[in-house]
Amino acid sequence: MTFMVVRKKWLVLGIVCIIIATGLYFFSPSPTETTMSNQAEQNEFEINLVTGEFKTTTEDGKEIEAYRWDPGTIFVPKGEKVKLSIFGVNGKEHPFIIEGTDVSGTVQKGKETVLHLQFEKEGVYRLICTTHATIADNGPMIGYIVVQ
Ligand SMILES: [Cu+2]
């Protein structure tokens, strides 16, 4: 009689353990997935730019202005994944290219433009707003991406 009670206890305990283990397996977040998505974000070097504007009036009353990328020079590690975020503050719209690459896009006021880049070659790449590329066009709106 005592022997049966002991066996029954072990059987109940075993079933409880199996239920708990099954619950943990199905309801816990997968550790592999979490680690991988965290790594992807960590490996991407993030750089933030905004569009800005310099504006003044000359002594003879002439208004002059220049649109800018801010910061105007950024440093990017060669071969690494880079997330470039550009937020449009000044200026309605800035269509741009990155010289020497096939990267292009547009930054609009109040909106964030996100680029995922990876430069394999060292050098200085110019981020050029095609609307404001020169002084005569209210620029030069040119940023320098230094890959090293
Ligand atoms: Cu522009």
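In what order do the five strands of the open sheet with mixed pairing run? The order is β3-β9-β8-β5-β6. Keep in mind that this is a predicted model, so treat the numbers below as computed from it.

**The overall layout**

The protein's secondary structure adds up to two helices and nine strands. Going along the sequence, the pattern reads α-α-β-β-β-β-β-β-β-β-β. Buried residues account for 14% of the 148 residues. If you look at contacts between residues at least 6 apart in sequence, 61% of them link residues at least 24 apart.

**The five-strand sheet**

Back to that first sheet, β3-β9-β8-β5-β6. Its edges are β3 (73-76) and β6 (104-108), and each of these pairs on one side only. From one strand to the next, the twist averages 25°.

At the β6 end, β5 (residues 93-98) and β6 run antiparallel and are joined by five bridges. If you want to trace the register, E93 sits opposite Q108 in β6, and I97 sits opposite S104 in β6. The two strands make a hairpin with five residues between them, and G100 in the turn has a positive phi of about 85°.

**The four-strand sheet**

The other sheet to look at is also open and also mixed in its pairing, with four strands in the order β2-β1-β4-β7. Why do β2 (63-70) and β7 each have one side without a neighbour in the sheet? They stand at the edges with a single partner strand each, so one side of each is left free of a sheet neighbour. Ignoring direction, neighbouring strands here are turned by 20° against each other on average.

The partner of β7 is β4 (residues 81-87): these two pair in the antiparallel sense over seven bridges. One handy marker for the register is L84, whose bridge partner in β7 is L115.

As a general point for reading either sheet, side chains in a regular strand alternate between the two faces of the sheet.

**The core**

Which residues have the most contacts inside the largest nonpolar core? They are F96, L127 and C129, in a core of 15 residues. The strands β2, β4, β8 and β9 (142-147) each supply at least two residues of it. The largest share, four residues, comes from β8.

L127 is a good residue to centre your view on. Leaving out neighbours within four places in sequence, L127 is in contact with W69, F96, I98, I142, G143 and I145.

**The end of β7 and the loop after it**

Q118 lies in strand β7. Is Q118 buried or exposed? Neither label fits: Q118 is partly exposed, because 13 other C-beta atoms lie within 10 Å, and a residue has to have 20 or more to be buried or 12 or fewer to be exposed. Not counting residues up to four places away in sequence, Q118 touches G79, E80, K81 and V82.

K121 comes in the loop between β7 (112-118) and β8 (123-129). With 10 other C-beta atoms within 10 Å, K121 is exposed, since the cut-off for that label is 12 or fewer.

Both residues can be related to P77, as the table shows.

| Pair | Apart in sequence | C-alpha to C-alpha |
|---|---|---|
| Q118 and P77 | 41 residues | 8.9 Å |
| K121 and P77 | 44 residues | 10.0 Å |

**Backbone oddities**

Most residues other than glycine have a negative phi, and most peptide bonds are trans. Here are some exceptions worth checking before you set anything up.

The peptide bond from D70 to P71 is cis, with omega near -5°. P71 itself lies in the loop between β2 and β3.

Another cis peptide bond joins G139 and P140, with omega about 5°. P140 is placed in the loop between β8 and β9. That loop also holds N138, which has a positive phi of about 60° although it is not a glycine. N138 counts as partly exposed, because it has 19 C-beta neighbours inside 10 Å, whereas a buried residue needs 20 or more.

Technical notes:
Residues are numbered from 1 along each chain as its sequence is written. This is a predicted model: local features need pLDDT of at least 70, side-chain atom pairs count only at pLDDT 80 or more; totals for chains, interfaces and linings use all residues. Two strands pair if DSSP finds at least two bridges between them. Axes are lines fitted to C-alpha atoms, for helices over the stretch in contact, and angles run from 0 to 180 degrees between N-to-C directions. Two residues are in contact if their C-beta atoms, placed from the backbone, lie within 7 Å. A nonpolar core is a set of buried Ala, Val, Leu, Ile, Met, Phe, Trp, Tyr and Cys residues joined through C-beta atoms within 7 Å.
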